[in-house]
Each structure stands twice: as structure tokens, then as C-alpha cells.
Amino acid sequence: MLRWHWFMDTSPLRESPAFRRLWLGTGISTFGGYMNTFAVTLQLYNLTHSSLAIGLAGLCSGIPTMAFGLLGGSIGDSMDRRKLVLAATSGQTAVSALFAAQAFIGVKLQWLLYILLIAQSLFGAINAPARRTFLPRILPKHRIQAGAALNTAFTRFGEVAGPSLAGILASLWGFQVCYAIDTISFAAALYGVARLPAMPPEGGAIPRNLRSIGEGLRFVVTQPVLLGAFLADLNVTVLGAITPLLPALNAARFEGRPDTLGFLMAATGIGGLMSLIISGPLRHLSREGRGILFACAFWSMSVMGVGLVKSLWLTLLLLAIAGAADTILVVLRSTLVQVSTPDSYRGRVSGMDYVVGTGGPRLGSVRAGLIGTVLPPGTSILISGISSLVAIVILSVSIPEFAAYTTQAGETIADETL
């Protein structure tokens, strides 16, 4: 029988009304975002029947992320972050409405979808770094990991429920409905942010220039712990990415049914959600860096298994295990970044975190799409897992300080920088 300390710590929801509103609003919007992602993937595959076309969609989302994510973080360190998030979220709402409009009208233009993805990612590159600075401002330090786990839990819920429900709705009424739900969901995100107090940077705003961005980059590069965390995430998202290959895998092995594709895309979220439900022991983890490395290794081995097995149920199980590993990685990395960074740098480091966490999967989508054009989907997925496993072994050896990381070390970094 599981004891209560095995389960996820929900104390931030009870203790902080501001966190509760932000958590709920962001979670509902995230749910809609996963439905949007499913709809774009299905619409592009219906138009082109090409894994490369889906991979290029990742590139369209990744270019603004990589080009403007650091700038967005710098802007977040130079002004009231609450106002910045409200403006950027409003822009995302407008883009989502355009996605819905083109789908209901019946436009069949591949390039239009790519343009909308670029616009969507541009607003996200401004929004996300500033939004990620909220957690340490509304929760005490000892609740940050619990808050990060709760945020990830709602993200994983959206990852599960979004594609699963989207697959069913697309089978019944078409993917147009998925775009409409995404547009409506932004109302919750706007409400959650609107009720927050002002969020100016502590210690005063910084100038908006290239020098401030360079200072943020220099801070990350000179801290082996932060650098190791970002490289570990890039290993999983770039070398180990397989999402663009799932439609082709579904067509090759599972008759290409939309509802089956929805389950395949949701499986990682199911595993992640289940791992968070029993995430209580993470509170007692003494070496977070080592935990991240093990999580990356489990992801890689699970991906290798997906490339090898033929059974739908085994494929779903392995994807769920990969999702559990990725979720642990996200929670530990998020905690590491927030604890190790002083508020004056937090927007810029969060910008780097966003570039890595969002741009990495986009680059991984292109890599997976390219390899999927010349090799069968199962072989492409197997190669992805092997590459990721080799890279994480190299990382563990090359940055030993990262494997030895503890939260106490993170506090020292922040204090010494200040």
C-alpha cells in the first residue's frame, strides 16, 4: 500500500491562490495547445503524406524560438513581466483564431500553415521566458520543486487528453474543431495572468541590448550545472525526438487510423502523468544532476524499444515509459534552473531554457523527418534512441560537476552571483 508521501506534493495549490489561478489557466491553455499541435500534424499529413513536411513544421516553429527566445528573456528582465505576458498571450490568441478560420474555410495551403506556425512561435518566444519567472515570485523556495511538478502535471495531462480527444473529435467532425477549442482555451490563460500582481525585475530593469543577452549567455556557460542540464535536454529533444515519425509508424504498423495516432501521441503524456502522481520521492532526491542523466538514459532505451517492437500495446507502453523519464527530467531541470538563478538573470536564463526546451524539439523534428524520408519509421526510431544513449554517456563523463549537483549547490551559485 502506497503511503501519502509517495504522492505528488499539492501544497502550492492550497497555500497560494495566485499560483492556483495561474496553474489552472495555463493548464487549460496547454490542453488546447496540444489539440492545436495534433490538428496541424494531421492537416499537414493529409495534405502531403510526408514525414518531412511535418518535420519542416517543427523547423518553422523552431526558427523564431531560437532567434527570439534570448531576446524575449532579455525583454522580460527589462520590464513588468506580467504586462509582457498579457500582450504576448493576446497575440497567440489571435494566431490561434487564424488557424481555426483557415480550417473552417477549407484552405489547403501548406505554406499558410507554416506562416501561422512561425507567428505562433514568435509570440511564444516572448511569452514563455517571462512566464517562467513567475514561479519563484509567488512561491517560497522550498515549494518551487512542488510547483514545477504541478505545472508539469497539467502539461502532461494536456499531452494525454489533448491528442486523445483531438483524435476522437477529428474522426467525428474533423480537425477544425481542435483549432476552435485551442482558441477558446486562451481565455483561461489570460485570466490567470491578469489576476497576478505587478512583476517588475528585482533590483531594477536592465537595458534592452545585445550586451545584456551576452551577459545571460555568459552566466549559463560559466555554470557547469546549468550547462549540463541544458545539454541533457538537447540530447533528448534533438537526438531522441520521434514524434514526426509517429504518423508514418502508425501507417506502416497500425493501419493509419486517426484515433490510433492520437493514442500514440498521447502515450508519453500518460507515462509522464503517472510518474508525477507518485513523484513524492523526488523531494528526497539528493543528486538532481544524476537523476537527470538517468532519466535521459531511460528515455533513450525506451525509444530504442519503440523502434523494435511490432505490438501496438508494447509500443504504447514503451512510449509511456519514455514520457515518465522525460517528465522527471523536466521537473528536475526546471527546479535546477529556478533555484540556481538570481532574479536579475532569471528572464534571460529562462529565455535560454525556453530556447533549449522548445527549439530543441523543433530541430529534432527536422532531424527525424529527414531520416524518416530515407529509412523505414521503425529503423529511424531505433537510430534515434541509440544516438541519444551514446550522447548522454559522453555528457556524464565530460561534465562531472553536473552529475554531482545538489540544490544546495544551486543556492550557492545564485548567492555568489548576486
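**Notebook: contacts and burial in a helical chain**

**Entry 1. Thr-133**

I looked up the neighbours of Thr-133 first and found that, with residues up to four places away in sequence left out, Thr-133 touches Arg-81, Arg-346, Gly-347 and Ser-350. I note here that the model is predicted. I then located Thr-133 in the secondary structure: the residue lies in the loop between α5 (110-132) and α6 (134-138). Is Thr-133 buried or exposed? Its relative accessibility is 1%, and Thr-133 therefore counts as buried, the cut-off being under 20%. I also checked the polar atoms of its side chain, one of which lies 2.6 Å from the backbone oxygen of Ala-130.

**Entry 2. The whole chain**

I turned to the protein chain as a whole. I recorded 18 helices and zero strands. For the overall dimensions, I read a span of about 55 × 45 × 45 Å for the C-alpha trace along its principal axes. Which radius of gyration does the protein chain have? I found 20 Å, which agrees with the value near 22 Å for a compact globule of 418 residues.

I next recorded burial and found that 58% of the 418 residues are buried. The exposed area of the protein chain comes to about 16900 Å², and carbon and sulfur atoms supply 69% of that area. I also looked at how contacts are distributed along the sequence: of those between residues at least 6 apart, 89% join residues at least 24 apart. For charge, I noted 29 positive and 19 negative side chains. The centres of these two sets lie 4 Å apart.

**Entry 3. Phe-99**

I placed Phe-99 in helix α4, which covers residues 81-105. Its relative accessibility is 0%, so Phe-99 counts as buried. Which residues is Phe-99 in contact with, beyond its neighbours within four places in sequence? I listed Asn-36, Val-40, Leu-113, Leu-116, Leu-117, Gln-120 and Tyr-179. For the pair Phe-99 and Tyr-179, I read a C-alpha separation of 6.3 Å, against 80 residues along the sequence.

**Entry 4. Thr-183**

I found Thr-183 in helix α8 (residues 176-194). Leaving out residues up to four places away in sequence, I listed its contacts as Thr-93, Ser-96, Ala-97 and Ala-100. Two of these partners were examined through polar atoms. The side chains of Thr-183 and Ser-96 are joined by a polar contact of 2.9 Å. A polar atom of the Thr-183 side chain also lies 3.4 Å from the backbone nitrogen of Ala-97.

**Entry 5. Met-66**

I located Met-66 in helix α3, residues 51-76. Its relative accessible area is 33%, and Met-66 is therefore partly exposed. With residues up to four places away in sequence not counted, I found that Met-66 touches Val-355, Gly-359 and Leu-363. I also looked up the pair Met-66 and Thr-358: the two residues are 292 apart in sequence, while their C-alpha atoms are 8.5 Å apart in space.

**Entry 6. Gly-357**

I closed with Gly-357, whose place is in helix α15 (residues 343-374). Its relative accessibility is 23%, so Gly-357 counts as partly exposed. How far is the C-alpha atom of Gly-357 from that of Arg-81? I read a separation of 20 Å, for two residues 276 apart along the chain. Arg-81 had already appeared in my first entry, among the residues that Thr-133 touches.

Methods. Residues are numbered from 1 along each chain as its sequence is written. This is a predicted model: local features need pLDDT of at least 70, side-chain atom pairs count only at pLDDT 80 or more; totals for chains, interfaces and linings use all residues. Side-chain values use heavy atoms; hydrogens and water are left out. Helices (H or I, at least four residues) and strands (E, at least two) are DSSP runs, numbered from the N terminus. The radius of gyration is taken over C-alpha atoms; the globule rule is 2.2 Å times the number of residues to the power 0.38. Buried means under 20% relative accessible area, exposed over 50%, partly exposed in between (1.4 Å probe, protein chains only). Contact means heavy atoms within 4.5 Å. Accessible areas come from the Shrake-Rupley method with a 1.4 Å probe; for residues, only the protein chains shown count as cover. Lys and Arg count as positive and Asp and Glu as negative; His and the chain ends are not counted. The place of a charge is taken as NZ of Lys, CZ of Arg, CG of Asp or CD of Glu. A polar contact is a pair of N or O atoms within 3.5 Å; within protein, one must be able to donate a hydrogen and the other to accept it, and residues adjacent in sequence count only if both atoms are side-chain atoms.
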